[in-house]
Amino acid sequence: MKALEAMLSRVFEKFHKGEPLVQICSTISSNLYYDSLMNKSGSERNYNFVITGNPGTGKTSGSKLISEYLKKIGYAKGYVYVQRDDLVAEHIGGTEARVSKIIEDSLSKVLILDEIYQLFKGPNDNKDFGGEAFNTIMAFMLDKKPRPKVMLFLGYPDKMDEFCSMNSGFRRRLTCPAVNLPNYSVADIEMIFTSHVKNSGYKIEEGSVNLSDVGLDEKVIDQHNAGIVQHILAYAEKAQRVRLNKLCHEERKKSVNTLIVEDINMAVLEVNNCFA
């Protein structure tokens, strides 16, 4: 068990606030361990989890890490990621065949289904086959074998809560209640930004930056979470280039890997204007 826990920590070491996802992995690996002690085949178990979170909290990237961990321990062989357009056909009979093919391609893997509630366009849309896709998935969640090792259903908290409340059969088929990825704080965004800067080949002149001090709007964080980090860096690069264009070639070469606070100030101003 200690070896599994160490491996799990390594997989999620760079994922901020990933405890709910770690718990999913721990549930599966614990069952595998105790099944082996009882001489049972843990590989016969299947799991259905709902993962919710606001934009930028890492639902998709975290789900891929779950798949990575399960592959490392020999339980799953990778993942398949699908959205509504991958599941729903435009003609009668096509949707069930399409979903069944996706299930077939996902055997022994993790199937990640993003925003399953999008399968239902509206109660009066009789020409849409999203309901057929959902019913086919429901059959595989419990009744049909073989099926994917793990099904992960991703979505926004309010929409997924509403969807689960309207589909009691779906809710009953879940391994456990939905797990929610929390929003990030300013401190979390600073940590992620600093890491992103380093991974992109830059350094910050002062070593670190306080995004609160440079005025990052909290509404931006609430709405975008970690998704805003790449935009801050992109605008910081833009500000840096404007600044370096005023220097000679040799000075540019010496400073090209460095971002200064003024670059980040300009980036945050742009981000606040575009995303707040």
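In what order do the strands of the open sheet stand, and is their pairing parallel or antiparallel? Let's start there. One caution before that: this is a predicted model.

The open sheet has 5 strands. Their order is S2-S3-S4-S1-S5, and the pairing is parallel. At the edges are strand S2, residues 79–82, and strand S5, residues 179–181. Each of these pairs on one side only. From one strand to the next, the twist averages 20°.

Now look at strand S4. In the sheet order, S4 stands between S3 and S1. Take the S1 side. Strand S1 covers residues 47–53, and 6 bridges join S1 to S4. The two strands run parallel. One pair to find on screen: isoleucine 51 stands opposite leucine 154 in S4.

Next, the S3 side. Strand S3 covers residues 110–114. S3 and S4 also pair in the parallel sense, over 5 bridges. Here, valine 110 stands opposite valine 150 in S4. Leucine 111 stands opposite methionine 151 in S4. As a general reminder, strands of a sheet pair through backbone hydrogen bonds, either parallel or antiparallel.

How many of the residues of strand S4 are buried? The count is 6 of the 6, across residues 150–155, so S4 is largely enclosed by the rest of the structure. Look at the two faces separately. Val150, Leu152 and Leu154 are buried on one side. Met151, Phe153 and Gly155 are buried on the other. Both faces of S4 are covered. Why list every second residue? Because in a regular strand the side chains alternate between the two faces of the sheet.

On to the helices that touch this sheet. Helix H2, residues 19–37, lies across S1, S4 and S5. H2 runs at about 170° to S1. Helix H3, residues 59–72, packs on the sheet too. H3 touches S1, S2, S3, S4 and S5. The direction of H3 makes about 165° with that of S4.

Let's leave the sheet and turn to charges. Side chains of opposite charge can pair when their charged atoms come close. How many salt bridges does a search of the whole structure find? It finds 6. I'll show you three.

Start within one helix. Lysine 101 forms a salt bridge with aspartate 105, with the closest N and O atoms 2.9 Å apart. Both residues lie in helix H5, residues 94–105. They are 4 residues apart, about one turn of the helix. Lysine 101 is partly exposed, at 43% relative accessible area. Aspartate 105 is partly exposed as well, at 35%.

The next pair joins two helices. Lysine 238 and glutamate 270 meet in a salt bridge, 3.6 Å from N to O. This pair links distant parts of the chain, 32 residues apart. Lysine 238 sits in helix H11, residues 229–244, and glutamate 270 in helix H13, residues 261–275. Lysine 238 is partly exposed at 47%, and glutamate 270 is partly exposed at 27%.

Last pair. Arginine 243 forms a salt bridge with aspartate 263, the closest N and O atoms being 2.7 Å apart. Arginine 243 belongs to H11 and aspartate 263 to H13, 20 residues apart. Again, distant parts of the chain are linked.

Is aspartate 263 buried or exposed? Its relative accessible area is 2%. Buried means under 20%, so aspartate 263 counts as buried. Its partner, arginine 243, is partly exposed at 23%.

Methods
Residues numbered from 1 in each chain as written. Predicted model: local features only at pLDDT ≥ 70, side-chain atom pairs only at ≥ 80, totals over all residues. Heavy atoms only, no water. Salt bridge = Lys/Arg side-chain N within 4 Å of Asp/Glu carboxyl O. Buried < 20%, exposed > 50% of the residue type's maximum accessible area, 1.4 Å probe, protein only. Pairing = 2+ DSSP bridges. Axes fitted to C-alpha atoms, helices over the stretch in contact; angles between N-to-C directions. Contact = heavy atoms within 4.5 Å.
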